[in-house]
Amino acid sequence: MSSSWDVDRRIKDVMAEVLEMDPGAISETFHRDDAPLWDSLNHLRLVSSLEEAFGIKFTMKEVGEMERYDTIRRLVSLRLAA
């Protein structure tokens, strides 16, 4: 089982790759508005990349909620625990 730190690191790495930014710039309060490249297409790429990286699937409701790093981390953790 991955540690919480490993999960956080992987989420930030995936987000950074999709949004073309430094993972260190993704803080606990990081929001969609903080990333110029976070448009609707990259949102779908982000969701798909997270699903692939963690071997999970999100519901459409969850996909719509994913606008903040802390929300994404919570949803990934919930899916991993299921």
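These are my notebook entries on confidence, core packing, salt bridges and one buried polar residue in this structure.

**Entry 1. Confidence**

I began by noting that the model is predicted. I looked up the average confidence and found a pLDDT of 95 for the protein chain, with 98% of the residues scoring at least 70. I then went through the elements of the chain. Helix α2, residues 40-54, has the highest mean pLDDT, at 98. The lowest mean, 95, belongs to helix α1, residues 4-19.

**Entry 2. The nonpolar core**

I turned next to the largest nonpolar core, which holds 23 residues. Which of them touch the most other members? I recorded I11, M15, F58 and I72. The elements that give two or more residues to this core are α1, α2 and α4, the last of these spanning 69-81. Helix α1 supplies the largest share, with 7 residues. As general background, I noted that nonpolar side chains tend to be buried together in soluble globular proteins.

I followed I11 further and listed its contacts, leaving out residues up to four places away in sequence. I11 touches L50, F54, Y69, I72, R73 and V76. I marked R73 in that list, as R73 also forms a salt bridge with E28.

**Entry 3. Salt bridges**

I searched the whole structure for salt bridges and obtained 7. I examined several of them in turn.

The pair D13 and R9 came up with closest N and O atoms 3.1 Å apart. I checked where these residues sit: both are in helix α1, and because they are 4 residues apart, about one helical turn separates them. D13 is partly exposed, at 35% relative accessible area. R9 is also partly exposed, at 32%.

For E28 and R73, I read a closest N to O distance of 2.4 Å. What does this pair tie together? E28 lies in the loop between α1 and α2 while R73 lies in helix α4, so the salt bridge joins parts that are 45 residues apart in sequence. I noted E28 as partly exposed, with a relative accessible area of 39%. R73 counts as partly exposed too, at 23%.

I then looked at E62 and R79, whose side chains meet in a salt bridge of 2.9 Å, N to O. This pair links distant parts of the chain: E62 belongs to helix α3, residues 60-65, and R79 to helix α4, with their positions 17 residues apart in sequence. Is E62 buried or exposed? I found a relative accessibility of 11% for E62, which counts as buried because the cut-off for buried is under 20%. R79, in contrast, is partly exposed, at 27%.

Finally, I recorded that K61, E65 and R74 are linked in a network of salt bridges.

**Entry 4. A buried asparagine**

I closed with N42, which is found in helix α2. The relative accessibility of N42 is 11%, and I therefore entered this residue as buried. Where does its side chain find a polar partner? A polar atom of the N42 side chain lies 2.7 Å from the backbone oxygen of L37. I also listed the contacts of N42, again without residues up to four places away in sequence. N42 touches V18, L19 and L37. L37 thus appears in both look-ups, through its backbone oxygen and in the contact list of N42.

Technical notes
Residues are numbered from 1 along each chain as its sequence is written. This is a predicted model: local features need pLDDT of at least 70, side-chain atom pairs count only at pLDDT 80 or more; totals for chains, interfaces and linings use all residues. Side-chain values use heavy atoms; hydrogens and water are left out. pLDDT is the predictor's confidence in each residue, from 0 to 100. A nonpolar core is a set of buried Ala, Val, Leu, Ile, Met, Phe, Trp, Tyr and Cys residues joined through side-chain atoms within 4.5 Å. Buried means under 20% relative accessible area, exposed over 50%, partly exposed in between (1.4 Å probe, protein chains only). Contact means heavy atoms within 4.5 Å. A salt bridge is a side-chain nitrogen of Lys or Arg within 4 Å of a carboxyl oxygen of Asp or Glu. A polar contact is a pair of N or O atoms within 3.5 Å; within protein, one must be able to donate a hydrogen and the other to accept it, and residues adjacent in sequence count only if both atoms are side-chain atoms.
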